[in-house]
Amino acid sequence: MRDGDHFAALTPAVLLDGAQVGRLTVRAASIRGDSHNWEGSCRQDSMTVTRVGPPEAELLLLAVADGVGSAAHSHEGSYLVTRQTALHLDREAENIHAALLAQDEGELRAIANKAVAGAVGELRIGQDYATTLHILLVPTDARIRERVVFSVGDGGLFVLLDGQWHQTDQVDDGSLLDTRTEALPHAYRSVKAKLLYSEPGQVLLLGTDGITNPLTQRDPAFAQHLAHAWGGPQAPSLSDFLWQAQTRAKSYDDDRTVICVWEGTE
């Protein structure tokens, strides 16, 4: 506390959240990684779970962000950017809802860039920030099956189908930037927007690279374990989800933030 970084000193090692919105069930956890535990440093990942928009255009907003360790205040930047972007997207909820119904990826990308640019503009000037950001927006109206994910940097969205995790590809917007190295605030003009159609019974997973990397790299047992744990018709309890989200993956000791959505059938 007395080193002056009050934000780090007051950052909890674990965050746990959840929601039930109609047929949608959400479980969310952000966990400090072993590397930060050993160093005595704070969790640099952040997450936000909320609803935005008026009742006729309401959206479930799920956000994860991973502060890049090379920037001194990334833990604060990841926290702020998820919340500030959520506020900006709340103001755009009707436009997002209309663009989803029209399946207009171009308009969704424009909205995302405007919202993220606005959020970045409200970060504290002069602070050393660098953070990824991924946001999943899901209409709470069960009749609407379109969803959209906005992305900057590592991490992203997976869909659980037939016991296997499938990563959603980012759209090619013509940018020559390498998305593996992108981070806010500097990459605010390169937000990707991916429109997808989700079937009842599917499970969507939004995560930072602390979970998406072991899902895709060299650890099939880890991916199979989580597919079995989260692939059932019922979402786990909050305590079970936290326990499952902390499943160890060899050589992966970074912070881990994961939000899962169970698309109910009834």
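Me: How many residues of each class are found in the lining of the second largest pocket?

Reply: The lining has 4 nonpolar, 9 polar and 4 charged residues. Nonpolar covers Ala, Val, Leu, Ile, Met, Phe, Trp, Tyr, Cys and Pro, charged covers Asp, Glu, Lys and Arg, and polar covers the others, Gly among them. The model is predicted, with local features needing pLDDT of at least 70, side-chain atom pairs counting only at pLDDT 80 or more, and totals for chains, interfaces and linings using all residues. Residues are numbered from 1 along each chain as its sequence is written, and side-chain values use heavy atoms, with hydrogens and water left out.

Me: What makes a residue part of that lining, and which residues lie nearest the centre of the pocket?

Reply: On a 1 Å grid over the protein atoms alone, a pocket is an open set of points with protein on both sides within 12 Å along at least five of seven lines, whereas a cavity is a set where a 1.4 Å probe fits but cannot get out; a lining residue has an atom within 4 Å of a point. The second largest pocket has 17 such residues, and Pro233, Gln234, Glu263, Gly264 and Thr265 lie nearest its centre. Strands β2 (24–31) and β11 (256–263) each supply at least two lining residues; strands (E, at least two residues) and helices (H or I, at least four) are DSSP runs numbered from the N terminus.

Me: Which residues line the largest cavity?

Reply: Val21, Arg23, Leu24, Pro139, Thr140, Asp141, Ala142, Arg145, Arg147, Glu263 and Gly264 line the largest cavity. By class, they divide into 4 nonpolar, 2 polar and 5 charged.

Me: Why is valine 261 called buried?

Reply: Buried means under 20% relative accessible area, exposed means over 50%, and partly exposed lies in between, with a 1.4 Å probe and protein chains only. Valine 261 has a relative accessible area of 1%, and is therefore buried. This residue is found in strand β11. Contact means heavy atoms within 4.5 Å; leaving aside residues up to four places away in sequence, valine 261 touches Leu24, Thr25, Val26, Leu62, Leu136, Gln202, Val203 and Leu204.

Me: Why is arginine 51 called partly exposed?

Reply: Its relative accessible area is 48%, so arginine 51 falls in the partly exposed range. Arginine 51 is found in strand β3 (residues 45–52). Its C-alpha atom is 9.4 Å from that of proline 139, although the two are 88 residues apart in sequence.

Me: How do you know that helix α6 is mostly covered?

Reply: Of the 8 residues in α6 (residues 209–216), 6 are buried. They are Asp209, Gly210, Ile211, Thr212, Pro214 and Leu215. Among the elements that cover them are β4, α7 (220–230) and β11.

Me: What makes a group of residues a nonpolar core, and which members of the largest one touch the most others?

Reply: A nonpolar core is a set of buried Ala, Val, Leu, Ile, Met, Phe, Trp, Tyr and Cys residues joined through side-chain atoms within 4.5 Å. The largest has 29 residues, of which Leu61, Leu89, Ile96, Leu108, Ile135, Leu137 and Phe150 touch the most other members. Its largest share, 6 residues, comes from α5. A second, separate core of 22 residues includes Ile31, Ile211, Ala223 and Trp230.

Me: Where does pLDDT stay under 50?

Reply: It stays under 50 over residues 170–180; pLDDT is the predictor's confidence in each residue, from 0 to 100. Where pLDDT is low, the predicted coordinates should not be read in detail. The chain averages a pLDDT of 88, and 91% of the residues score at least 70.
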